[in-house]
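Q: Please take me through one part of this model closely: the surroundings of the ligand. Once that picture is clear, I would also like to hear about some individual residues elsewhere in the chain.

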Amino acid sequence: MVAAASGSSATRDGWSSRSAFILAAIGAAVGLGNVWRFPTLAGESGGGAFVIFYIGCVFLLGLPLVLSEIFIGRAGQTDAVGSIKKVAQDSGASERWSIFGGIGALAAWLILSFYSVVAGWVLYYVGVMGWDLLQAIGAGDPLRGALAGESKDVIEGRMGDLFASPSLLLVMHFAFMGLTLFIVARGIGSGIEKAATWLMPAFFVLLVGITIYGAFVGDMGQAVRFLFTPDWSKLPPAVMNSALGQALFSLSLGVAGLITYGSYIHEGSKLGSTSAAIAVADTSVALIAGLMIFPIVYAVGLDPAAGPTLVFQTLPFAFQTMPGGALIGFLFFVLILVAAITSSISLLEVPTAYGIGERGWSRHKSALIFGGGAFVIGIACLLGYNVWSDVRPLGFWSLFENTDILDTVDGFTGKVMLPIGALLTSLFIGWKADSRMVQEVTGLTGGMFVVWRFLIAWLCPIAVTIILITGLFPSILGS
Ligand code: PHE
């Protein structure tokens, strides 16, 4: 840990192997974005068309960006701002490009603030379902449905009760942020890598297990039709914008997260296949999460378009009617919690690395300052559900007119900051970074390099700009 705090690359903390990096990066990518935000958005946007457009965004725009960010970190060997500066220097470009590292670190920090609040809800449901499971076991009926004897109103009302209680929300937010801080303060090798090595395999076992369960007790056919049959009329610019935002969010792009993680790779250069592994794993998890959740939603005739409460209000009721629901419901929330932790640590690591690299702070100090700061902003987000429920931070902007504090931070980072971060990354890498250096560090050659270059230099900037502008100013298209 001492080594990590020194900031010099010779003694800098790092991943123990290539597979450790891949696992940690997948851990960062797979999170609430996959198991909560993706099903919510897919449900709200009517399924197929959104999902297909999303997959296109991941592979045509996201994947080239994943490679670009990892390249910057691997070449720079320090925090995001310092790494971009180094690549700029070596390529004869202006150091001012490092501004997108700063924007990224700021976005990561803002995302962490509300991420921890939502993860706090998950923690609360782990408690509720865990308690229910204990009672089921105590009653000698461990395989009963969840929350036996409670009416639909009571079950759904739980979320309202939680939201109405600032202190309960605060305790959960505090616990989750504390855990994140604890892991990040321990550094890369003994903190982040260790957490990913233990938690990610557990996550995959739970994911596959619950999906198989859903296939037996739920309506898989209807879920597959919903997720994969496109109705293109359901793809207006605003939906495209949120699909792009979701692709960036889910791959942890535009927040310098992969620059930061990439900087802890000290040797090796198979970055192309590494990037592909991350994109494929993340997208598979999002799709599997859809196939885990929607069959259960349909089985009991619930509404897939329930919105952010889908996972919290809708599913517990579904678990009530299913055999083994108490157990599966509990495991389901544990799964989400696990996914959230391996992502929140990456969110905190970005500003923390910035504090270490650019301000010369120790790891402990930096993690504490940024973790503490995000905790405070998170408090504003959670008060937005009760005491400050009338507050509309960006109410003057029609896009965020009716958006509460948490959704504003989420929407502004996802729809504005991440696309801008992605745009600047693609311009910098596509037009400014020295091609020979890129080839050397990434190991990308021949046709692969040409395709990647085209995507990053042309398709990414053009597509991201169009989607960003039409999404933010729908009036341009007269819609
Ligand atoms: N990708 C994470 C998720 O899907 C969220 C995240 C965004 C993590 C940006 C790190 C950086 O939940």
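A: Happily: the ligand site comes first, and a short tour of single residues follows.

A word on the basis: this is a predicted model, in which local features need pLDDT of at least 70 and side-chain atom pairs count only at pLDDT 80 or more, whereas totals for chains, interfaces and linings use all residues. Residues are numbered from 1 along each chain as its sequence is written, and side-chain values use heavy atoms, with hydrogens and water left out.

Let us start at the ligand. The shell around the ligand holds 14 residues, of which Ala29, Gly33, Tyr115, Phe249 and Ser252 come nearest (near: a heavy atom within 4 Å). By residue type, this shell splits evenly into 7 nonpolar and 7 polar members, with no charged residue in it (nonpolar: Ala, Val, Leu, Ile, Met, Phe, Trp, Tyr, Cys and Pro; charged: Asp, Glu, Lys and Arg; polar: the others, including Gly). Four helices each supply at least two residues of the shell: H2 (18–29), H3 (32–44), H11 (237–250) and H15 (325–359) (helices are DSSP runs of H or I with at least four residues, numbered from the N terminus).

The polar contacts give the site its detail (pairs of N or O atoms within 3.5 Å; within protein, one must be able to donate a hydrogen and the other to accept it, and sequence neighbours count only if both atoms are side-chain atoms). Tyr115 uses its side chain, with an N or O atom 2.5 Å from an oxygen atom of the ligand. Ala29 contributes through its backbone instead: a polar backbone atom of Ala29 is 2.9 Å from an oxygen atom of the ligand. On the nitrogen side of the ligand, a backbone N or O atom of Ser250 lies 3.0 Å from a ligand nitrogen atom. Taken alone, the ligand exposes 320 Å², and the protein buries 99% of that area (Shrake-Rupley method with a 1.4 Å probe). The space that the ligand takes up is also the largest cavity (points on a 1 Å grid over the protein atoms alone where a 1.4 Å probe fits but cannot get out; a molecule sits there if more than half of its atoms lie within 2 Å of the grid points).

Now for the backbone. Following H11 onward from the ligand shell, we reach Ala256, found in the loop between H11 and helix H12 (257–262). Although Ala256 is not a glycine, its phi is positive, near 65°. Ala256 counts as buried, at 3% relative accessibility (buried is under 20% relative accessible area, exposed over 50%, partly exposed in between, with a 1.4 Å probe and protein chains only). Gln77 makes a good companion case: this non-glycine residue has a positive phi of about 60°. Its place is the loop between helix H4 (48–76) and helix H5 (80–91), and Gln77 is likewise buried, with a relative accessible area of 15%.

Two serines show contacts between a side chain and the backbone. Ser113 lies in helix H6 (99–138), and a polar atom of the Ser113 side chain is 2.6 Å from the backbone oxygen of Leu110. Ser275 lies in helix H13 (271–299), where the Ser275 side chain reaches the backbone oxygen of Leu271 at 2.7 Å. Both are buried: the relative accessible area is 0% for Ser113 and 1% for Ser275.

Finally, here are some spacings between C-alpha atoms. Leu327 belongs to H15, one of the helices that supply the ligand shell. This leucine is partly exposed at 32%, and its C-alpha is 9.6 Å from that of Ile137, 190 residues away in sequence. Lys270 sits in the loop between H12 and H13 and is exposed, at 54% relative accessibility. Lys270 and Thr442 are 172 residues apart in sequence, yet their C-alpha atoms are 6.1 Å apart. Gly187 occupies the loop between helix H8 (166–185) and helix H9 (188–217); it is buried, at 0% relative accessibility. From Gly187 to Val118 there are 69 residues in sequence and 24 Å in space, C-alpha to C-alpha.

Conventions
On a 1 Å grid over the protein atoms alone, a cavity is a set of points where a 1.4 Å probe fits but cannot get out, and a pocket is an open set with protein on both sides within 12 Å along at least five of seven lines; lining residues have an atom within 4 Å of a point.
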